[in-house]
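The following exercises are to be worked with the sequence and the coordinates at hand. Each task is followed by a solution in steps.

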Amino acid sequence: MSDLVERLLAAMTLQEKLGQLNMIDAALPTHAPDEMTRQVCAGLIGSVLNVYGAGTTNPLQQLALEQSRLRIPLIFGFDVLHGHRTICPIPLAEACAFDPPLWERTARIAMDEAGRDGITLNFAPMLDVCRDPRWGRIAEGPGEDALVASRYAEAKVRGFQGADLAARENMAATAKHFVAYGAPAGGRDYGSADISERELAEVYLPPFEAAVKAGVAAIMPSFNDLAGIPMTAHGALLKDLVRGRWGFEGVLVSDYNAVGELIAHGVAEDLAEAAALALAAGIDIDMQDQAYLLGLPAALDRGLASVADIDRAVRRVLTLKQRLGLFDDPYRRVAAPPLSLDTLAQYAEVARDAGRRSIVLLKNERGALPLKPGAQRIALIGPLGDAPLEMFGCWFAAAGLEAASILDGLRAALPQADISHVPGVTVDGDDQGGIAEAAAAAHDADTVILSLGESKDMTGEAHSRGHIDLPGCQRALAEAVLALGKPTIAILTHGRPLALPWLFERADAVLATWQLGSQAGHAIAEVLTGAWNPSGRLAITWPLDGGQIPIFHSHRPTGRPGHNDVFYSNRYTDMPVEPQFPFGFGLSYTRFRLGSVTATPEFAPGETVTVLAEVTNEGALEGEETVFLFLRDPVASIARPVLELKGFAKVTLAVGERQTVRFILQGDDFALLDRNMRPRVEPGAFEILVGPCADRSRLSSVTVRCQSA
Ligand code: GLC
């Protein structure tokens with residue numbers, strides 16, 4: 001502990017200690033400014049969220065530094081999930097780039113912009129693995145796979161925090177939402193997650209452990225209960241596992257009102273009990289409901305809480321403030337000079353690069369793409385064709401931001417083309433009155449581009465959908481246009497996979513563009529024109545129908561795998577079991593061929609295994625391929641998933657070029673959790689499968705054998 005922290009702690013009254021644990025939403029109208037001023041001056045607020053900009057943060061900081069008795073600086077928290085003023089693709093989109101250096105780059109520019117707005121605690125990265133596209137927050141996370149989410153966690157913590165938390169361009173990151181928030185009952189946000197200990201350990205915990213190992217400064221427990229224990233009161237996981245076994249020494253910050261919500265969860269009688277449960281579980285900062293400030297004094301009187309626990313929490317908060325350099329210079333970040341136009345242009349290019357690399361080409365037939373250059377009549381039809389704000393997706397920040405719409409991008413990329421835009425319908429309205437005009441415009445065009453999908457508010461917090469198809473009457477619009485039989489390309493703007501088998505059947509080409517942020521239209525135009533050869537691959541299995549959910553690549557086998565061919569088997573009677581597109585799927589404008597795959601044939605437990613895979617570009621364009629390595633343990637003491645992702649690598653190949661991709665598997669890559677939940681490498685055969693996606697028919701496999709210990 002530092003002398004400064006101990007000196008402050010020793011000097012604090014109980015109310016001042018509780019003040020340091022109190023985080024208030026300064027943007028909320030219920031917080032009367034004079035009440036907020038009074039509390040800050042009295043040292044009853046330790047951190048503030050949801051405000052940014054020197055004009056707002058500086059006056060509050062001055063109050064704390066000049067009016068409060070102990071002059072302890074405030075932390076300013078904000079959700080900077082995918083950019084602050086330069087908005088990058090939503091996390092689920094960026095995950096499709098399978099590019100950790102890119103994930104780190106976009107985090108760096110976000111921090112440089114957010115720091116200038118006075119933010120010192122970022123409520124990101126969101127690391128919730130999810131296999132249920134009904135859940136609106138699937139857009140905020142890195143998809144369905146624990147390994148991808150772990151690599152994403154490491155890259156984002158590095159990017160947000162840098163090497164020195166006190167440096168001006170860095171800030172504290174928060175790994176959220178701990179844990180299994182992405183597995184809510186019914187796909188409905190805030191729902192109970194009732195999953196097995198094994199699934200928790202194999203799927204949902206690893207990204208958070210990776211974030212802790214990467215040095216994340218804060219963790220935010222999730223709103224949900226886990227098998228009946230609300231995460232905000234889950235001492236076994238928060239204290240015994242995260243702090244105890246993982247050695248996390250940072251700050252646990254509750255989610256919004258989550259401490260008080262322990263009453264609604266049915267585990268606390270009143271605010272005092274709720275506050276005591278959260279404190280006992282190791283929660284340091286109570287976000288927004290003042291449960292600690294108002295509930296802990298009564299909890300102390302009733303013997304439900306201890307001053308020692310309060311002191312421990314205060315120490316961790318003061319230590320974080322010290323690590324952030326707030327005691328040395330609390331204005332360091334906000335006092336930085338404005339970003340130069342040249343830097344802003346560089347950041348725009350980072351966002352554009354992230355955008356082009358996040359786009360997944362799902363279908364391309366009849367030579368529909370890339371578009372030919374030169375004079376042509378293009379009809380852009382649909383409600384998202386000229387909708388700049390919808391390109392931002394959920395959680396974007398600063399007001400007044402502009403994004404390049406699809407129409408902007410097309411017109412900039414094809415100046416000779418005659419491009420018309422007809423919305424036809426709204427995103428989710430039921431008025432079909434504009435469909436005739438749209439069909440007429442399509443009729444007169446050489447090429448039709450449908451722009452369909454979701455608004456930015458159809459994913460994110462509290463935006464779960466029961467139907468994961470096109471909202472409103474977009475399908476009626478699309479079918480009217482498709483009926484013309486023109487070359488038709490569909491551009492999807494979305495925060496989740498959308499079940500649209502009819503569209504994949506009838507459109508000539510389909511691009512999954514997610515929500516790509518400030519440079520969306522330009523990134524999309526680059527792929528449409530072939531200026532960028534699409535390289536995105538799905539980080540989430542794409543369902544054929546919402547009825548298949550949960551559907552993902554690393555499912556366990558069944559005793560009756562016949563599926564569509566065997567009556568008494570693990571199947572549906574009314575639809576196939578296969579997804580529309582598997583995890584890792586994505587097309588290119590060139591053609592990659594996977595050649596020989598070799599591996600160290602025998603290894604002893606703990607030894608590494610080297611896997612080499614040859615990839616050749618047999619097409620007519622340079623391109624970037626992502627090669628996936630899966631593992632299958634066909635016979636083990638525990639039934640193992642049919643495919644476990646153990647590695648992914650990207651390789652750029654010129655026309656005709658061949659490269660060998662090398663994977664090094666460590667000993668614990670072959671481990672399973674045995675019946676006592678202990679990691680163990682069991683001797684015997686393992687199947688290594690390498691290829692372009694989680695479709696077994698497209699993977700090359702080689703068997704390796706682990707010798708007995
Ligand atoms: C929200 C979200 C959380 C966010 C916090 C602060 O309710 O659950 O992800 O960081 O409140 O905005």
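## Exercise 1. A threonine in a strand

Thr616 is located in strand S19, which spans residues 609-617. The model is a predicted one.

Task: Determine whether Thr616 is buried or exposed, and identify what surrounds it.

Solution.
- Step 1. The relative accessible area of Thr616 is 6%. The cut-off for a buried residue is under 20%. Thr616 is therefore buried.
- Step 2. Apart from neighbours within four places in sequence, the contacts of Thr616 are Arg591, Phe592, Arg593, Leu653, Gly656, Glu657 and Arg658.
- Step 3. For Arg658, a polar contact can be added: its side chain and that of Thr616 are joined at 3.1 Å.

## Exercise 2. The surroundings of the ligand

Task: State which residues come nearest to the ligand, and which polar side-chain atoms lie beside its oxygen atoms.

Solution.
- Step 1. There are 13 residues around the ligand, and those that come nearest are Asp79, Arg137, Lys176, His177 and Asp255.
- Step 2. By class, this shell comprises seven nonpolar residues, one polar residue and five charged residues.
- Step 3. In the side chain of Arg137, an N or O atom is 2.8 Å from an oxygen atom of the ligand. Lys176 places a polar side-chain atom 2.8 Å from a ligand oxygen atom. For Asp255, the distance from a polar side-chain atom to an oxygen atom of the ligand is 2.7 Å.
- Step 4. On its own the ligand has 310 Å² of accessible area, of which the protein covers 96%.

## Exercise 3. Two glutamates

Task: Classify Glu16 and Glu390 by accessibility, and list the contacts of each.

Solution.
- Step 1. Glu16 belongs to helix H2, residues 14-20. Its relative accessibility is 9%, so Glu16 counts as buried.
- Step 2. With neighbours up to four places away set aside, Glu16 is in contact with Ala11, Ala42, Gly43, Arg69 and Leu70.
- Step 3. Glu390 is in the loop that runs between strand S12 (377-381) and helix H16 (406-413). Its relative accessibility is 18%, so Glu390 also counts as buried.
- Step 4. Under the exclusion of residues up to four places away, Glu390 touches Leu384, Ser455, Lys456, Thr493 and Gln515.
- Step 5. Glu390 can also be located relative to His443: the two are 53 residues apart in sequence, and their C-alpha atoms are 27 Å apart.

## Exercise 4. The setting of helix H20

Task: Explain why helix H20 (residues 520-529) is described as largely enclosed, and name the elements against which its buried residues pack.

Solution.
- Step 1. The buried residues in H20 are Ala520, Gly521, His522, Ala523, Ile524, Ala525, Glu526, Val527 and Leu528.
- Step 2. H20 is largely enclosed by the rest of the structure because nine of its ten residues are buried.
- Step 3. The packing partners of these buried residues are helix H15 (341-358), H16, strand S14 (447-453), strand S15 (488-493) and strand S16 (509-512).
- Step 4. After H20 comes Gly530, with a positive phi near 85°.

## Exercise 5. Unusual backbone geometry

Task: Locate the cis peptide bonds at Pro125 and Pro370, and characterise the positive phi values of Phe98 and Asn257.

Solution.
- Step 1. As background, most peptide bonds are trans, and most residues other than glycine have a negative phi.
- Step 2. Ala124 and Pro125 are joined by a cis peptide bond with omega about 10°. Pro125 is placed in the loop between strand S4 (121-122) and helix H7 (146-161).
- Step 3. From Leu369 to Pro370 the peptide bond is likewise cis, and omega is near -5°. Pro370 is in the loop between strand S11 (360-364) and S12.
- Step 4. Phe98, not a glycine, has a positive phi of about 45°. Phe98 sits in the loop between helix H5 (91-95) and helix H6 (100-116), and its relative accessible area of 1% makes it buried.
- Step 5. Asn257, also not a glycine, has a positive phi of about 65°. Asn257 is in the loop between strand S9 (251-252) and helix H11 (262-265), and at 26% relative accessibility it counts as partly exposed.

Note on methods: Residues are numbered from 1 along each chain as its sequence is written. This is a predicted model: local features need pLDDT of at least 70, side-chain atom pairs count only at pLDDT 80 or more; totals for chains, interfaces and linings use all residues. Side-chain values use heavy atoms; hydrogens and water are left out. A residue is near a molecule or strand if one of its heavy atoms lies within 4 Å of it. A polar contact is a pair of N or O atoms within 3.5 Å; within protein, one must be able to donate a hydrogen and the other to accept it, and residues adjacent in sequence count only if both atoms are side-chain atoms. Accessible areas come from the Shrake-Rupley method with a 1.4 Å probe; for residues, only the protein chains shown count as cover. Ala, Val, Leu, Ile, Met, Phe, Trp, Tyr, Cys and Pro count as nonpolar, Asp, Glu, Lys and Arg as charged, and the others, Gly among them, as polar. Helices (H or I, at least four residues) and strands (E, at least two) are DSSP runs, numbered from the N terminus. Buried means under 20% relative accessible area, exposed over 50%, partly exposed in between (1.4 Å probe, protein chains only). Contact means heavy atoms within 4.5 Å.
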